[in-house]
Amino acid sequence: MPRTALRICPLCEATCGLTLTIEGTTVTGARGDRDDVFSRGFICPKGAAFGGLDADPDRLRTPLVRRDGRLREATWEEAFQAVADAVPALAAAYGPQSVGVVLGNPNVHTMAGQLYPPLLLKALGTRNLFTASTLDQMPKHVSSGLLFGDPFAIPVPDLDRTDFLLLLGANPLESNGSLCTAPDFPGRLKALRARGGTLVVVDPRRTRTAALADRHLAARPGSDALLLAALAHTLLAEELADPGVLAEHVQGIGELAEALGSFTPEAVAPACDLTAEEIRALARDLAAAPTAAVYGRIGSCTVEYGTLASWLVDVLNVLTGNLDRPGGALFPLSATDRAPRPAGPGKGFGLGRWHSRVSGHPEAKAELPLSALAEEIDTPGEGRIRALVSIAANPVLSAPDGRRLDAALAGLDFMVSIDPYLNETSRHAHVVLPPAPPSQSAHFDFAFNTFAVHNQVRYSPPAVPLEDGRMDECEIHARLVLAVSGLHGTDPVAVDDLAIGTTLARECADPDSPLRGRDPARLAGLLAGATGPERRLDLMLRLGPYGDRFAGAATDPGDPAPLADPVAPADPTDPALPTVPAAPAGLGLERLLAHPHGIDLGPLRPRLPGLLKTRSGRIELLPDPIAAELPRLRATLTDRPAALVLVGRRHLRSNNSWLHNVPALAGGSNRCTLQVHPDDAARLGLTDGRPARITADGGSLEVPVEITDSLRRGVVSLPHGWGHDRPGTRLSVAAAAPGVNVNQLLDGSRLDPLSGTAVLNGFPVELTPIP
């Protein structure tokens, strides 16, 4: 008899609630959970295909260990023993920097990928960390760190209450949102327009999102920072800037006006390929809106001036008084965030605390550019990376110059990969550790709740029991930490116990914590949860802004009394804040388990100045690294633009390189084609459906042409995540329609210097027809 189980979808940032249909141990269907407090029944094609991904016959079921040059099935004990034999020995012989770690995008979609990598890095003692952030979002982390003192303090548009939304380089109708967790993004944008609001989209392509907009500005790719600078200049020059209640918490407005003095609409318009009147009108409309939010994403991040563009997005939110304001851009408060502390100056945020060995790239947020991984492996010398731990990553496809990285990985002394597939990267591993399917794993969105457009909390226990021979992903990570630490054979629960003990010891010593002076060991014994990860989640919930802080469990004299409800309902006197039911008092795992559809924690609320961690304790509107970069941007005003540039694109049924093996998501319009405007096709002699050769810094590719007027002249578009044609993989569906790897057009030399992010959009290319 079929049964149903609830599950949060792990396949994109929308985090929709699913209702799975299960027959025996097989997921046979998935639909939206109508009672989910956040998604309210919304589902996209990826969520509907959950069962196909879960039961993919190409998923690895047992570990693989390389013997005699070939990967062969092995026991879990053999796999971890191989890691324990290799990694500590290499680190001892060549130093901790000889071990690198690369983390892929799927890490933020799993509990294990969020709980254990920090412990792994600490155990290894390496600074050679490379992640997908430097292919995607690092400019936003850097700009937030410089503005607010915290690289994780990223404001999101208050989609459900704003009157005016300006989107740059974002296509949420295809991506479902990014650094803005919002189930049913299309419905929220339609609701904005239905209530009389305005949607403006800046994008060189007429995407589905742009087609929905009131106004679509097809600016030149890579010009986002110039356009935003001109908007800020106009607000300041026409005395339209009004930070409102933020004024006392902002420093540097005068210096900002001087620094942006040359970015007039007239000066910027030719580089953006817009008119000065269009730019000035947009600035005035932004200032005049009752509430407004500016939001920029991957198209404005993965360009040469991505950090400047990300910075200017929030500069505009500040200048219009819409930062930290209902209907503007607010900072979410996740249930596992640290409980608020007293406002005051912090340590600030710095860049370049260390540099990469070969090219001297500065670190950002303790990460080095993923574009530099290949040279750190294949360049001889002291400190060369000889061993690599790859977790849910496929940089051979996602990073620039995959051919060089492909060859570099083949020359490693040792590589271990946590991955469910043998893909273009994991095929080089000496040990592959495959996690169980998502239906057999618990799920909590540590990362995406910090970007959610509505505060809520949800947890999914495993929907299906762990199959014989499988290992839970959290246990895989814990055992990996022990193996690289020289503690192979220790009970993996020890890793979670150590994390819990360390956190509680720090909390009980914090003078601003309600747990100050209490006994960490006794508090640890009070935690709920059937597993180590659940106990850690319970701890984070209890210590979070809505948690019970162990109140009501006190037995020692002088322990604090039980807390009143820490989750306040919406303020009924504020018409901008709709009243919502109060959340249950004293959040912890047991209370969360009692609410399988989640707990509504209320709309986003102002949080400044409490979250500021700058040295001044204020929003530092013109940080020194930003000011030093502006002259380089200013110099581009006289540059001659390239005749033809490339941009990427997303498809609703795809997510980077890791969903191309699901039959239900393959085919149709989800194809790897080079989109070209009809005028450019006629000029270059290209024919629809016929191949063309596209050439850039890193080499050439041959790809079918798709002629369409959905993008502006002088721009071509090729999707990322393709190129499944390498031998030695086990991706039968993806290999049947491999496409080409767009990142092979890049050699890794084009980077945003402040964040180390690869320039994946707006770079020059040449096209020639293939007879």
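**A walk from sheet to helices**

Let us start at I8, which stands opposite G17 in strand β2. This is a predicted model, in which local features need pLDDT of at least 70, side-chain atom pairs count only at pLDDT 80 or more, and totals for chains, interfaces and linings use all residues. Residues are numbered from 1 along each chain as its sequence is written, and side-chain values use heavy atoms, leaving out hydrogens and water.

β2 (residues 17–23) pairs with β1 in the antiparallel sense over six bridges. Pairing here requires at least two bridges found by DSSP between two strands, and strands are DSSP runs of E with at least two residues, while helices are runs of H or I with at least four, numbered from the N terminus. The open sheet has three strands in the order β1-β2-β3, with antiparallel pairing. Because β1 (3–8) and β3 (26–32) each have a single partner strand, they stand at the edges, and one side of each is left without a neighbour in the sheet.

Next comes helix α10 (residues 224–237). Its 14 residues should span 20 Å at 1.5 Å a residue, and its end C-alpha atoms are indeed 20 Å apart; the expected span is 1.5 Å times one less than the number of residues. Of those 14 residues, 13 are buried, so α10 is largely enclosed by the rest of the structure. Buried means under 20% relative accessible area, with a 1.4 Å probe and protein chains only. After α10 comes E239, whose phi is positive, near 55 degrees.

Finally, look at α3 (residues 76–94) and α19 (residues 473–484). W76 and F80 are among the α3 residues that meet α19, where the partners include I476 and R479; contact means heavy atoms within 4.5 Å.

Terms used. Axes fitted to C-alpha atoms, helices over the stretch in contact; angles between N-to-C directions. Buried < 20%, exposed > 50% of the residue type's maximum accessible area, 1.4 Å probe, protein only.
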